[in-house]
Amino acid sequence: MQKKEWAEQIKQFQNGPSQELKKKALQTRLLSYGRGVFLRGLIEFSNYCKNNCYYCGIRAGNHHVCRYRLTQQDILNTCKKGHALGFRTFVLQSGEDPWFDDQKICSIISQIKEMYPDCAITLSIGEKSKETYRAFFAAGADRFLLRHETADATHYRKLHPDVMSLENRKKCLYDLREIGFQVGAGFMVGSPFQTIETLAADMKFLEELQPHMVGLGPFLPHKETPFKDFPPGSLNLTLTMLCLVRIALPNVLLPATTALATLSEQGRALGLACGANVIMPNLSPPEVRGSYSLYDNKKCTGNEAAEEIALLQKEVENDGFFLDFSRGDSRVH
Ligand code: SAM
């Protein structure tokens, strides 16, 4: 679809998806993935970051964060706990922390794979060279999440300092794809200076990239960032974008994000009703969860906590779905 047509669609549903749009998104998801909801255990292993993204609570310039790094042993113990709870995908996420060099990351990947060959490993650790991505893939990593954040270069520059560029972000995504990773792009809904046109550019870019996963949740302000006074993204527009992504990319893996569950009590259920088919409960050691604060009041207890899987299972079943404990690979080729 042309960018102009995307803008028209987004405009039409900017106050929320119609019943018809929701129905179409749900039917699309039922055809590609049925009623299963894939689980990923999220391990936030370092909140050190060299970057200074204006929206993010763990940006280098925030000196109020209590910084932490999990040891390799902590990470392996966390996987052990997750495996016992039934998780078969681990998402290793961190700020861009140079202390975890290629050798350390490769060693963590190969150890997890050795202990749990039945599990998939997803990395979410930012921009690297193609050579480094190759090394991660060779060590056994399966998937990589790298939200493009916005596909409009001018907007990108308003969200990030000049040392970061949309061009490099996109290059990383194409490199990852070429190497053989299942790749996840994505963006925040309601990030400062976002417009219907920039959202249309996001949809166009997703169509071009054909990612295996799309991470899409509302922007939520963090009190120690330059964007502290901007309003949170809209629940209704986030739901519209979920519907549009599901319909445009029928086989994509689409999480109902923690940010969506933080924005609204019903966020998760509404996300599932609009085509989302993945949930990423927090598996990080409970004592560090509060320090991985990307935005204010981030949910990490109750149904967002990996230990409360039974609670989550009940909720998801009430919503008409079931938890699928398999690896949950993407059907995008
Ligand atoms: N450093 C890695 C990277 O850049 O991809 C992974 C960690 S980064 C914190 C993960 C994602 O958190 C970002 O891609 C961004 O979209 C999201 N995020 C950061 N700050 C946010 C905020 N204030 N509201 C909502 N999402 C936010």
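Helices and strands here are DSSP runs, numbered from the N terminus, with at least four residues for a helix and at least two for a strand. The model is predicted.

**Exercise 1. Place Leu-220 in the fold, then decide whether it is buried or exposed.**

Step 1. Find the flanking elements. Strand E7 covers 213-218 and helix H9 covers 235-248. Leu-220 sits in the loop between them.

Step 2. Apply the cut-off. Buried means under 20% relative accessible area. Leu-220 has 9% relative accessibility, so it counts as buried.

Step 3. List the contacts beyond four places in sequence. Leu-220 touches Pro-232, Ala-259, Thr-262, Leu-263 and Tyr-295.

**Exercise 2. Work out which residue UniProt lists with Leu-220 under "binding site", and how the pair is arranged in space.**

Step 1. Read the record. The unreviewed UniProt entry lists Glu-149 and Leu-220 for "binding site". The two are spread over 72 residues of sequence, yet they cluster in space, with a largest C-alpha distance of 13.7 Å.

Step 2. Locate Glu-149. Its loop runs between strand E5 (143-145) and helix H6 (153-159).

Step 3. Check burial. Glu-149 has 9% relative accessibility and therefore counts as buried.

Step 4. Collect its partners. Leaving out residues up to four places away in sequence, Glu-149 touches Tyr-55, Tyr-156, His-160, Arg-169, Gly-186, Phe-187 and Met-188.

**Exercise 3. Compare the surroundings of Cys-53 and Cys-56.**

Step 1. Start from the annotation. In UniProt, an unreviewed entry gives "binding site" for Cys-49, Cys-53 and Cys-56.

Step 2. Place the two residues. Cys-53 is in the loop between strand E2 (41-46) and helix H3 (72-85). Cys-56 also lies between E2 and H3.

Step 3. Check burial. Cys-53 is buried at 12% relative accessibility. Cys-56 is buried too, with a relative accessible area of 16%.

Step 4. Set out the contacts, without neighbours within four places in sequence. Cys-53 meets Arg-59, Leu-159, His-160, Pro-161 and Met-164. Cys-56 meets Thr-225 and Leu-294.

**Exercise 4. Describe the settings of Asn-282 and Lys-299.**

Step 1. Take Asn-282. Its loop joins strand E8 (278-279) to helix H12 (286-289). The residue is buried, at a relative accessible area of 3%.

Step 2. Read its contacts beyond four places in sequence. They are Leu-42, Glu-44, Arg-289, Lys-298, Cys-300, Glu-304, Ala-305, Ala-306 and Glu-307.

Step 3. Turn to Lys-299. It is found in the loop between H12 and helix H13 (309-318). Outside its neighbours within four places, Lys-299 contacts Thr-258, Ala-261, Thr-262 and Glu-304.

Step 4. Add a distance. Lys-299 and Leu-260 are 39 residues apart in sequence and 9.6 Å apart in space, C-alpha to C-alpha.

**Exercise 5. Decide how compact the chain is, then profile its contacts, surface and charges.**

Step 1. Count the elements. The chain has 13 helices and nine strands.

Step 2. Test the size. The radius of gyration is 18 Å, close to the 20 Å of the globule rule for 333 residues, so the chain is as compact as a globular protein of that length. The C-alpha trace spans about 50 × 45 × 35 Å along its principal axes.

Step 3. Look inside. Buried residues make up 58% of the 333 residues. Of contacts between residues at least 6 apart in sequence, 76% join residues at least 24 apart.

Step 4. Look outside. The accessible surface is about 13600 Å², and 52% of it belongs to carbon and sulfur atoms.

Step 5. Place the charges. The mean positions of the 40 positive and 37 negative charges are 2 Å apart.

Notes. Residues numbered from 1 in each chain as written. Predicted model: local features only at pLDDT ≥ 70, side-chain atom pairs only at ≥ 80, totals over all residues. Heavy atoms only, no water. Buried < 20%, exposed > 50% of the residue type's maximum accessible area, 1.4 Å probe, protein only. Contact = heavy atoms within 4.5 Å. UniProt positions renumbered as here; feature names shortened; annotations may be inferred. Rg over C-alpha atoms; globule rule 2.2 N^0.38 Å. Areas by Shrake-Rupley, 256 points an atom, 1.4 Å probe, with all protein chains shown as cover. Lys, Arg positive; Asp, Glu negative; His and termini not counted. Charge placed at Lys NZ, Arg CZ, Asp CG, Glu CD.
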